[in-house]
Amino acid sequence: MVDRLSEYPFVTVRVACTLCDRRGSYRLARLAAKYSAEISLEALIEYLAADCPWRGPHRRRDARCGAHFPDLWREPRPPDEPGPVKLRLVKGGRSA
């Protein structure tokens, strides 16, 4: 099971909603740079769907936000994706 962005297996991170037509895609590297490679996917979906009318204290009573990462449950992998990618954190300073 994929729990963190660093474990996400594709270069493109797709987001979709089961309740509405909202869809989007993001580059894995850009999300890691902005939110950290170690952010949980649960926290990431909170950021990406923060303005959803079905999410948070302003949500409607009859439903909850259906934002999710559809490619994580898709078999086989999306056709435009290379094989699984492992994101590595590289620490170090500049070389002189």
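Helices, of at least four residues, and strands, of at least two, are taken here as DSSP runs and numbered from the N terminus. With that convention, the elements of this chain run β-β-α-α-β from the N terminus on, which amounts to two helices and three strands. The model is a predicted one, and every stop below should be read with that in mind.

**The whole chain**

Begin with the full chain in cartoon view, coloured by element. Of its 96 residues, 33% count as buried. Among the contacts with a sequence separation of 6 or more, 58% are between residues 24 or more positions apart.

**The sheet**

Next, select the three strands, which make an open sheet in the order 2-1-3 with antiparallel pairing. Strand 2 and strand 3 stand at the edges, and each has a single partner strand, so one side of each is left without a neighbour in the sheet. Strands of a sheet pair through backbone hydrogen bonds, in either a parallel or an antiparallel manner.

Now follow strand 1 (12-17) towards each partner in turn. On one side, five bridges join strand 1 to strand 2, residues 23-27, and these two strands run antiparallel; the connection between them is a hairpin of five residues. On the side of strand 3 (67-68), two bridges join strand 1 to strand 3, again with the strands running antiparallel.

Ala16 is a useful residue to pick, as Ala16 stands opposite Arg23 in strand 2 and also opposite His68 in strand 3. Moving to Cys17, one finds that the bridge partner of this residue in strand 3 is Ala67.

**The two faces of strand 1**

Keep strand 1 selected and show its side chains. In a regular strand the side chains alternate between the two faces of the sheet. Here Thr12, Arg14 and Ala16 point one way, while Val13, Val15 and Cys17 point the other way, and all are buried. Strand 1 is accordingly described as mostly covered, with six of its six residues buried.

Which residues does Val13 touch, leaving aside those up to four places away in sequence? Select the surroundings of Val13, and the list comprises Leu5, Tyr8, Gly24, Ser25, Tyr26, Leu28, Leu31 and Phe69.

**The helices**

Turn next to helix 1 (28-35), which lies across strand 1 and strand 2 and runs at about 80° to strand 2. Then select helix 2 (41-48), where Leu41, Leu44, Ile45 and Leu48 are buried. Looking down the axis of helix 2, you will find that its buried residues fall within an arc of 100°, so they line one face of the helix. These buried residues pack against strand 1, strand 2, helix 1 and strand 3.

Rotate to the face of helix 2 that is turned away from its buried side, and the exposed residues Glu42 and Tyr47 come into view. Glu42 has a relative accessible area of 63% and counts as exposed, because the cut-off for that class is over 50%. If you set a distance between C-alpha atoms from Glu42 to Leu5, the separation is 9.7 Å, although these residues are 37 residues apart along the chain.

**The nonpolar core**

Hide the exposed residues and select the largest nonpolar core, which has 20 residues; those with the most contacts inside this core are Leu5, Tyr8, Val13, Leu44 and Phe69. Strand 1, helix 1 and helix 2 each supply at least two residues of the core, and helix 2 gives the most, with four residues. In soluble globular proteins, nonpolar side chains tend to be buried together.

**The aromatic rings**

For the last stop, show the aromatic side chains, among which the structure holds three aromatic pairs. Tyr8 and Phe69 form one such pair, with the rings edge-to-face at 6.1 Å centre to centre and 65° between the planes. Tyr8 lies in the segment before strand 1 and Phe69 in the segment after strand 3, so the pair ties together parts that are 61 residues apart in sequence.

Are the two partners of this pair buried or exposed? Tyr8 is buried, with a relative accessible area of 0%, and Phe69 is buried as well, at 5%. Finally, add Phe10 to the selection, since Tyr8, Phe10 and Phe69 form one aromatic cluster.

Methods
Residues numbered from 1 in each chain as written. Predicted model: local features only at pLDDT ≥ 70, side-chain atom pairs only at ≥ 80, totals over all residues. Heavy atoms only, no water. Phe/Tyr/Trp six-rings, centres within 6.5 Å; stacked < 30°, edge-to-face > 60°. Buried < 20%, exposed > 50% of the residue type's maximum accessible area, 1.4 Å probe, protein only. Core = buried A, V, L, I, M, F, W, Y, C linked by side-chain atoms within 4.5 Å. Contact = heavy atoms within 4.5 Å. Pairing = 2+ DSSP bridges. Arc of directions from axis to C-beta. Axes fitted to C-alpha atoms, helices over the stretch in contact; angles between N-to-C directions.
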